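Hi,

Here is the structure I said I would pass on. Have a look at it first, and then read my notes below.

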Amino acid sequence: MLFDHIMIRFGEISTKGKNRRKFIDSLLKNIRDVLSEHDSLRYQGTRDRIYIKLHGENHELIAEKLSHVFGIQSYSLAVKAEKDISVMKDAALSAVKSIYRRGDTFKVSTRRADKTFPLDTNEINYQLGSHILVNTEELSVDLHKPDINLRVEVREDAVYFTAKDYKGAGGLPAGTSGKAMLLLSGGIDSPVAGYLSLKRGLEIEAVHFFSPPYTSEKAKQKVVDLTNELVKFGGKMVLHIVPFTEIQELIQKQIPENYTMTSTRRMMLKITDAIREKNGGLAIVTGESLGQVASQTTESMYAINGVTSTPVLRPLIAMDKLDIIEIAQKIGTHDISVQPFEDCCTIFTPAAPKTRPKKEKAERFESFVNFEDLIEKAVEKTETITIDKQSSKTQESFSQLF
C-alpha cells in the first residue's frame, strides 16, 4: 500500500487556549523548514491536526525527519479516502493488508468529527471491521490489546485511515519561547543543555570561546559538528565563535591563580551578554550541573552571575552526570563531545581553583585590569557562522556585531 499522507498530532500546544494558533503556525513553519528539501509535499493545518500530503515522497524518510521536531506528540502514516462507505472499505482493507501478519489481531477505532456523516461510529466500526475479516486470512478481532489499531477519522473534507504510529519529540515548537544564547563548549553537557532548551521552545544561538594557539582548528570543527547535531531539532542555528586568547592570557598574568577560573567565566558571561543584546536574545543558557566542578558550586555561580542581570538558564542544574550522558548519546552529540580536542575551559586550569569564591574579591581583582577594551575587541572580531539543517554546510559571514 502506498501511504499518501502523514497525520501529525499536537502535544502541549493543545493546552494553549487563545494562543494556540500562534503555536500551530510556528510548528508548521518548523516542519516546513525540516522538510524543505522535499518540494512536492503539501501541508494542511487544522485546529488539532497537521496533514502532510506526500505526493509519492518516501514516507519512511519523512517520518524519520519528523521525529526531531519539537511540538509533535505523535504522528501516523495515513491514507485519505472519499466519504463513501464502499471507498472506505477498500481503503481500510488496503491499510490493514499492508502491515498485518498472519495470526495478528486488530480493531477499528472511529472518530467522527463530521457529525453529518450518515453512519455513527459503531456502524462504521462494524462495516469496516466485517469487510476486513472477510477478506483476510488468520486475522482476528481483539478490542482490548490488538496488534493493529486501525484508526478512522471522518472529517469534513475526507476520511483518514492510520495504522502505524510514531512517537513525536514532544515539547514546544522551537522559537515560541524567545531567543537565548547558549554557551557551547566542546564538552558533553552544553549540547544537552541546548537540546533541552530547544525542547522548551527556545530559539538558540550558540557562543563558543576559541583560544588559538592553545586550542586547535580541530577543536573549533568539533563545536561546528556539535551544532550540526543540534540543528536537527531547530532547523538552523547561528554559531558565534569568540577569539578569547588575549583575555585568557591577561587573566593568567593579572588575576590571582585561585581566582583565574572565576574571572574567566565572568568574562565569558560578559561577552555572551553583549552578543545577546546585539542579537535580540532574552536569556543565556549554560550546561552547568550543581556541584559537578569547581565553577559550578552555588558560591561560584553567584560570583560569576554578578556581571549580568540577564536570566541565566541552567537546564541541567539538578541532573546526574550519567543522565546527561544518556541524553547526549540519544541525541547524537556524545561521540563528538568525547573527541580529545582541548577547549578554552580546560586550558590554564589552576591546580587549586577556588570553590567558594567571593564576588567582591573577584570584582576587586578585576578592577585593576582593563578588560573592557579587550572585551569590545573580542566581540567585534567574533566570527558568525550560520549552520543550516538541510545542507549540513556552514556559511561563514564574518559579521561585525558592533
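His-55 counts as partly exposed because its relative accessibility is 45%, a value that falls between the 20% and 50% cut-offs. Do bear in mind that this is a predicted model. You'll find His-55 in the loop that runs between strand E3 (49–53) and helix H2 (59–66). What caught my eye there is the backbone: phi of His-55 is near 50°, which is positive even though the residue is not a glycine.

Glu-138 is another residue of that kind. Its phi is near 55°, again a positive value in a residue other than glycine. Glu-138 sits in the loop between helix H4 (121–134) and strand E6 (140–141). With 53% relative accessibility, Glu-138 counts as exposed, because the cut-off for that class is over 50%.

While we're on the backbone, look at the step from Pro-212 to Pro-213: that peptide bond is cis, with omega near 5°. Pro-213 belongs to the loop between E10 and helix H6 (217–234).

Now for the chain in general. There are 402 residues, and buried ones make up 52% of them. The secondary structure comes to 13 helices and 15 strands. Taken along the principal axes, the C-alpha atoms fill a box of roughly 85 × 40 × 35 Å. If you count contacts between residues at least 6 apart in sequence, 78% of them join residues at least 24 apart.

There is one record to mention. An unreviewed UniProt entry carries the annotation "domain: THUMP" for residues 60–165. In the model, that stretch is 32% helix and 32% strand, and its end C-alpha atoms are 12 Å apart.

Next, the empty space. Rolling a probe the size of a water molecule over the atoms shows where such space is left.

The largest pocket holds about 870 Å³. It is lined by 44 residues, and the closest to its centre are Ser-185, Arg-265, Gln-296, Asp-343 and Cys-345. Which elements give two or more residues to this lining? They are H5, strand E10 (203–210), helix H7 (245–254), helix H8 (260–278) and helix H9 (298–305). H8 gives the most, with six residues. By class, the lining of the largest pocket divides into 18 nonpolar, 18 polar and eight charged residues.

The second largest pocket has about 360 Å³ of space. Its lining is made of 19 residues, and Lys-29, Asp-33, Glu-203, Gly-234 and Lys-236 lie nearest the centre. Helix H1 (20–34), E10, strand E11 (236–243) and strand E14 (383–388) each supply at least two residues here, with H1 giving the most, at four. The classes in this lining come to six nonpolar, seven polar and six charged residues.

There is also a closed space. The count comes to one cavity of 30 Å³ or more, and the largest cavity has a volume of about 50 Å³. Among the residues that line it are Asn-30, His-68, Phe-70, Ala-174 and Gly-234. Gly-234 is worth finding on your screen, as it is listed for this cavity and also lies by the centre of the second largest pocket, among the residues nearest to it. H1 and H6 each supply at least two residues of the cavity lining, and H6 gives the most, with three. By class, that lining has five nonpolar, four polar and one charged residues.

Finally, a residue I'd zoom in on: Asp-189, in helix H5 (residues 189–199). Is Asp-189 buried or exposed? It counts as buried, because its relative accessibility is 9% and the cut-off for buried is under 20%. What does its side chain make a polar contact with? The partner is the side chain of Gln-292, at 2.5 Å. Leaving aside neighbours within four places in sequence, Asp-189 is in contact with Gly-287, Gln-292, Leu-316, Lys-321 and Ile-324. Gln-292 therefore turns up in both lists, as a contact and as the polar partner, where a polar contact is a pair of N or O atoms within 3.5 Å.

That's what I have for now.

Best wishes

Technical notes
Residues are numbered from 1 along each chain as its sequence is written. This is a predicted model: local features need pLDDT of at least 70, side-chain atom pairs count only at pLDDT 80 or more; totals for chains, interfaces and linings use all residues. Side-chain values use heavy atoms; hydrogens and water are left out. Buried means under 20% relative accessible area, exposed over 50%, partly exposed in between (1.4 Å probe, protein chains only). A polar contact is a pair of N or O atoms within 3.5 Å; within protein, one must be able to donate a hydrogen and the other to accept it, and residues adjacent in sequence count only if both atoms are side-chain atoms. Contact means heavy atoms within 4.5 Å. UniProt positions are given in the numbering used here, feature names are shortened, and annotations may be inferred rather than shown by experiment. On a 1 Å grid over the protein atoms alone, a cavity is a set of points where a 1.4 Å probe fits but cannot get out, and a pocket is an open set with protein on both sides within 12 Å along at least five of seven lines; lining residues have an atom within 4 Å of a point. Grid points are joined across faces, edges and corners, and a volume is the space filled by probe spheres set on the points. Ala, Val, Leu, Ile, Met, Phe, Trp, Tyr, Cys and Pro count as nonpolar, Asp, Glu, Lys and Arg as charged, and the others, Gly among them, as polar.
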